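Here is a walk through one protein chain, from its interior to its charged and aromatic pairs. Have the coordinates open as you read, and follow along residue by residue.

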Amino acid sequence: PKRLKLCSVKLKYLHRSQFKSKCGVVEICINPDETYRERVITYAFFKLQRYEFFTPKDSFATNLVNIMPIYSNESFSVIAELAFPESKIPYVVLAIWNENLRIEMNAPIPQVDEFDLKQDKNKIQQYINSCAKVIAGITNEPQASVAGLTPIPPNVGRVNKGVKLIDSTKVVMEKGKLVETLDNVTGVVEKVLSDHIAIVTFKPKFSSAKYRVFCSSDDVFDLKFKERINSRHFLEKNPFKFSSGSDVWKHSARNSKVPLQGLLRPGQKVKLNAVPLFAYPNPADVYYVSFGVLVGKHSLDHPVPVKCIQTSAIFPN
């Protein structure tokens, strides 16, 4: 399951660093009331910062050894999220508490509200990512494989120099490697944010994943093709011949003084080139920028008028 709610757990391991334990691992038995064959044993990683206290904290509350000794007979419960499906410890705990103490104190059951998860999505992801390194150390697995992260190739653009790893589920991968250029893909306008900025989404062939692209009016073109030109005859029949790159850019929406709000609408299909560009934080989940977007009548039948660059690293900040 993606989310485990109010699950009883068994403490298996406390991880100590600098004389104190601030994280550990619990064992979870899914379907514990079913027959033995139906049971699934899995594990979850937790941190002290996610422990729910029902009494005021004191100096002992800074060490898990005091709060939940490894051989404790107390009952503990968790709310956990499936974060690293390929890891030996696939779950990360979002909340953990002493169930015996909760009942004794007549305290409400801790909740992780769906609304809070959506509002604090970036914080939750940062917390989950921070767990990856420790989990990798416990399980002796590579950190990248635990977190589903992959190193950013050195020639790929990034807004922040500190960004070194990317979530491989957020980008187009092929044979375990990042696809660095996407040429003439069909996209759909998601939202027009201003006269000069829009968000377009695309889905690769044979994939249900959807990716978001940042588009600027600097490279949006409406060439107003009067008819569809067969691809076999496009080079000879294409009415738009450009002598230089600057000649192409003269036809962009910005240079033509055409606002994107009048040129694009949500749901409209376009043809575009795109390259990955990474930033952190990235709460909008936009991991691509466009390099040529063809819009208007017959645009889907023809190629983008500019060749896609090989890397977004040349883009100015």
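The largest nonpolar core of this predicted model has 31 residues, and those that touch the most other members are F202, L260, L264, V270, L272, F278 and Y288. Several elements give two or more residues to this core: the strands β11 (182-192), β12 (197-202), β13 (211-216), β15 (269-278) and β16 (286-294), together with the helix α8 (260-263).

F202 is a good place to start looking around. Leaving aside residues up to four places away in sequence, F202 touches V172, L182, V185, T186, G187, A209, K210, Y211, V213 and Y288. Two of these neighbours, Y211 and Y288, join F202 in one aromatic cluster. A second core, separate from the one above, has 21 residues, including I30, A44, M68 and A80.

Strand β16 also holds V289. This valine counts as buried because its relative accessibility is 11%, under the 20% cut-off. Where does the chain come back alongside V289? One place is L277: the C-alpha atoms of V289 and L277 are separated by 6.4 Å, although the two residues are twelve apart along the chain.

**The chain as a whole**

Stepping back, the secondary structure consists of eight helices and 16 strands. The chain has 317 residues, of which 41% count as buried. How many of the contacts between residues at least 6 apart in sequence join residues at least 24 apart? The share is 60%. The exposed surface of the chain comes to about 18,900 Å², with 52% of it supplied by carbon and sulfur atoms.

**Cysteines**

How many disulfides does a search of the whole structure find? The count is zero. For C23, the nearest cysteine sulfur belongs to C131 and is 8.3 Å away. A disulfide here requires sulfur atoms within 2.5 Å, so a separation of 8.3 Å leaves C23 unpaired with C131. C23 is buried, at 7% relative accessibility. C215 is buried too, with a relative accessible area of 2%.

**Salt bridges**

The structure holds eight salt bridges. Three of them are set out below, with the closest N to O distance for each pair.

| Pair | N to O distance | Separation in sequence |
|---|---|---|
| E81 and R3 | 2.4 Å | 78 residues |
| R212 and E190 | 2.2 Å | 22 residues |
| R254 and D218 | 2.8 Å | 36 residues |

Take E81 and R3 to begin with. E81 sits in strand β4 (residues 76-82) and R3 in strand β1 (residues 3-17), so this salt bridge links distant parts of the chain. Is E81 buried or exposed? It is buried, with a relative accessible area of 11%. The pair also belongs to a wider arrangement, as K2, R3 and E81 are linked in a network of salt bridges.

The second pair again links distant parts of the chain, with R212 in strand β13 and E190 in strand β11. Both of those strands also give residues to the largest core. R212 is partly exposed at 23% relative accessible area, and E190 is partly exposed at 33%.

The third pair involves loops. R254 lies in the loop between α7 (245-249) and α8, while D218 lies in the loop between β13 and β14 (220-221), so their salt bridge ties together parts that are 36 residues apart in sequence. R254 counts as partly exposed, with a relative accessible area of 35%. D218 is likewise partly exposed, at 39% relative accessibility.

**Aromatic pairs**

There are seven aromatic pairs in the count. One of them is F221 with W249, whose ring centres are 5.4 Å apart. Why is this pair called tilted? Its planes meet at 35 degrees, which falls between the 30-degree limit for stacked pairs and the 60-degree limit for edge-to-face ones, so the pair is tilted.

F221 belongs to strand β14 and W249 to helix α7, so the pair ties together parts that are 28 residues apart in sequence. The two rings come from residues of unlike burial: F221 is buried at 0% relative accessibility, whereas W249 is partly exposed at 27%.

Notes. Residues are numbered from 1 along each chain as its sequence is written. This is a predicted model: local features need pLDDT of at least 70, side-chain atom pairs count only at pLDDT 80 or more; totals for chains, interfaces and linings use all residues. Side-chain values use heavy atoms; hydrogens and water are left out. A nonpolar core is a set of buried Ala, Val, Leu, Ile, Met, Phe, Trp, Tyr and Cys residues joined through side-chain atoms within 4.5 Å. Buried means under 20% relative accessible area, exposed over 50%, partly exposed in between (1.4 Å probe, protein chains only). Helices (H or I, at least four residues) and strands (E, at least two) are DSSP runs, numbered from the N terminus. Contact means heavy atoms within 4.5 Å. Accessible areas come from the Shrake-Rupley method with a 1.4 Å probe; for residues, only the protein chains shown count as cover. A salt bridge is a side-chain nitrogen of Lys or Arg within 4 Å of a carboxyl oxygen of Asp or Glu. Rings of Phe, Tyr and Trp (its six-membered ring) pair if their centres lie within 6.5 Å; planes under 30 degrees apart count as stacked, over 60 as edge-to-face and the rest as tilted.
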